[in-house]
Amino acid sequence: KMFGDDRIIMISDSMEATGLSDGEYSLGGQKVTVRGNLATLTKGGAIAGSATNLMNCLRYAVKTAGIPLTSVVKCVTQNPARAIGLSADYGSIENGKYANLVILDKDLQIRAILKKGKQQNY
């Protein structure tokens, strides 16, 4: 509320073990243990990051935190594209932009992915 959805960029601090099973992995030369979405240093147990992806962060923000879907989508698409200078080609659905889209159902589950207008396998 303090900044508004024009000034927030949603990110994930996920590591390369994202999407893999629980177990031990390496992160920056250190051993980490992944359990669920949490990655902790194997030695000492300090939080090292997460093993969640941005889609799961979007779902959490909408379903659990109660943030409107339109605001969350803006924070994961338009705002990051603008922040890194790519908003002329990415971040929103407009004529002349790349047609990179994720189609979701009412439960925010992915139903289709389009890259440059062509459906992708996922």
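User: Leaving out residues up to four places away in sequence, which residues does P80 touch in this predicted model?

Analyst: P80 sits in helix α3, and this is a predicted model, so read every contact in that light. Sequence neighbours up to four places away aren't counted here. What's left for P80 to touch is I9, K74 and C75.

User: How far apart in space are P80 and M10, C-alpha to C-alpha?

Analyst: In sequence, P80 and M10 are 70 residues apart. In space, the C-alpha to C-alpha figure for P80 and M10 is 8.0 Å.

User: Is N79 buried or exposed?

Analyst: N79 is in helix α3, which covers residues 78-83. Beyond its neighbours within four places in sequence, N79 is in contact with D5, D6, R7, I8, I9 and K74. The relative accessibility of N79 is 1%, and the cut-off for that class is under 20%, so N79 counts as buried.

User: K74 turned up in both contact lists. Which residue meets the side chain of K74 in a salt bridge at 3.5 Å, N to O?

Analyst: Side chains of opposite charge can pair when their charged atoms come close. Here K74 is linked with D5 and D6 in a network of salt bridges. The 3.5 Å pair, N to O, joins K74 to D5.

User: How many residues apart in sequence are the parts that D5 and K74 tie together?

Analyst: D5 lies in the segment before β1 (23-27), while K74 belongs to helix α2 (residues 69-76). D5 itself is partly exposed, at 25% relative accessibility. Because the two residues come from those two places, the pair ties together parts whose separation in sequence is 69 residues.

User: What is the closest N and O distance in the salt bridge of K97 with E94?

Analyst: The two partners fall into separate burial classes: K97 is buried, with a relative accessible area of 17%, and E94 is partly exposed at 47%. For the salt bridge of K97 with E94, the closest N and O atoms are apart by 3.2 Å.

User: And which residue forms a salt bridge with D105?

Analyst: D105 counts as partly exposed, with 21% relative accessibility. In its salt bridge, the closest N and O atoms are 2.8 Å apart. The partner of D105 is R111.

User: How many salt bridges does the count come to?

Analyst: The rule asks for a side-chain nitrogen of Lys or Arg within 4 Å of a carboxyl oxygen of Asp or Glu. Among the pairs that qualify are K97 with E94 and D105 with R111. By that rule, the count comes to five.

User: Switching to helix packing, is α1 roughly parallel or antiparallel to α2?

Analyst: The axes of α1 (residues 54-63) and α2 come within 9 Å and cross at roughly 150°. Since angles over 145 degrees fall in that class, α1 is to α2 roughly antiparallel.

User: How many residues of the contact of α1 with α2 are nonpolar?

Analyst: α1 passes α2 in a right-handed crossing. On the α1 side the contact is made by L54, L58, A61 and V62, and on the α2 side by L69, V72, V73 and V76. No polar and no charged residues are in that set, and the nonpolar count is eight.

User: Which loop residue between β5 and β6 has a positive phi of about 65°?

Analyst: The loop in question lies between β5 (101-104) and β6 (110-115). The residue isn't a glycine, and it's buried at 6% relative accessibility. It is L108.

User: What is the phi of K116?

Analyst: K116 is placed in the loop between β6 and β7 (118-120). K116 is exposed, with a relative accessible area of 51%. Although K116 is not a glycine, its phi is positive, at about 50°.

Terms used. Residues are numbered from 1 along each chain as its sequence is written. This is a predicted model: local features need pLDDT of at least 70, side-chain atom pairs count only at pLDDT 80 or more; totals for chains, interfaces and linings use all residues. Side-chain values use heavy atoms; hydrogens and water are left out. Helices (H or I, at least four residues) and strands (E, at least two) are DSSP runs, numbered from the N terminus. Buried means under 20% relative accessible area, exposed over 50%, partly exposed in between (1.4 Å probe, protein chains only). Axes are lines fitted to C-alpha atoms, for helices over the stretch in contact, and angles run from 0 to 180 degrees between N-to-C directions. Angles under 35 degrees count as roughly parallel, over 145 as roughly antiparallel, 65 to 115 as roughly perpendicular and the rest as oblique. A crossing is left-handed if the near helix is turned anticlockwise from the far one by less than a right angle, and right-handed if clockwise. Contact means heavy atoms within 4.5 Å. Ala, Val, Leu, Ile, Met, Phe, Trp, Tyr, Cys and Pro count as nonpolar, Asp, Glu, Lys and Arg as charged, and the others, Gly among them, as polar.
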